[in-house]
Amino acid sequence: ASTINAALWVQSGLTLLAGDLAHTGTNFGLYGTAPTPQSAAYTPTNVTTDRTYDADSTNVDEIADVLGTLIEDLQLTGIIG
């Protein structure tokens with residue numbers, strides 16, 4: 001087995017065609033932010049999956065469900081812990 005230690009810097013964009021991108025390092029940064037470790041785990045409970053709400057007519061419980069759903073979706077992609 002070999003180990004590769006390299007940096008990839010993209011100045012004007014990167015296009016991936018028909019493939020997956022997996023990052024197995026410990027730090028990650030988007031849109032020019034400095035790479036940082038993944039945030040600590042969020043643990044929402046009693047979340048009912050909800051990805052839609054009417055901003056003019058809603059309640060705290062619905063907003064909490066939307067936020068909990070967003071957190072779960074971000075955890076599935078590995079963006080947050």
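Student: What share of the contacts in the protein chain with a separation of 6 or more comes from residues 24 or more positions apart?

Tutor: Contact means heavy atoms within 4.5 Å. Here, residues 24 or more positions apart make up 33% of the protein chain's contacts with a separation of 6 or more. Keep in mind that this is a predicted model, where local features need pLDDT of at least 70, side-chain atom pairs count only at pLDDT 80 or more, and totals for chains, interfaces and linings use all residues. Residues are numbered from 1 along each chain as its sequence is written, and side-chain values use heavy atoms, leaving out hydrogens and water.

Student: Which elements does the protein chain have, from the N terminus on?

Tutor: Helices (H or I, at least four residues) and strands (E, at least two) are DSSP runs, numbered from the N terminus. This protein chain has one helix and two strands, and the elements run β-β-α.

Student: How far apart are the end C-alpha atoms of helix α1?

Tutor: The expected span is 1.5 Å times one less than the number of residues. Helix α1 covers residues 60-77, 18 residues, so it should span 26 Å, and its end C-alpha atoms are indeed 26 Å apart.

Student: What sits at the ends of α1?

Tutor: Asn59 caps the N-terminal end, with a side-chain oxygen 3.1 Å from the backbone nitrogen of Asp61. After α1 comes Gly78, which has a positive phi, near 85 degrees.

Student: Is Thr69 buried or exposed?

Tutor: Buried means under 20% relative accessible area, exposed over 50%, partly exposed in between (1.4 Å probe, protein chains only). Thr69 has a relative accessible area of 1%, so it's buried. Thr69 lies in helix α1, whose buried residues are Asp65, Val66, Gly68, Thr69 and Ile71. Over the 81 residues of the protein chain, 9% count as buried.

Student: Which residues is Thr69 in contact with, leaving aside its neighbours within four places in sequence?

Tutor: Those are Val47, Thr48, Thr49, Asp50 and Arg51. Within the helix, a polar atom of the Thr69 side chain also lies 2.8 Å from the backbone oxygen of Asp65.

Student: And Tyr31, buried or exposed?

Tutor: Tyr31 has a relative accessible area of 83%, so it's exposed. You'll find Tyr31 in the loop between β1 (27-28) and β2 (36-37).

Student: How much of the exposed area of the protein chain do carbon and sulfur atoms supply?

Tutor: Accessible areas come from the Shrake-Rupley method with a 1.4 Å probe; for residues, only the protein chains shown count as cover. The protein chain exposes about 7300 Å², and carbon and sulfur atoms supply 55% of that.

How values were computed. A polar contact is a pair of N or O atoms within 3.5 Å; within protein, one must be able to donate a hydrogen and the other to accept it, and residues adjacent in sequence count only if both atoms are side-chain atoms.
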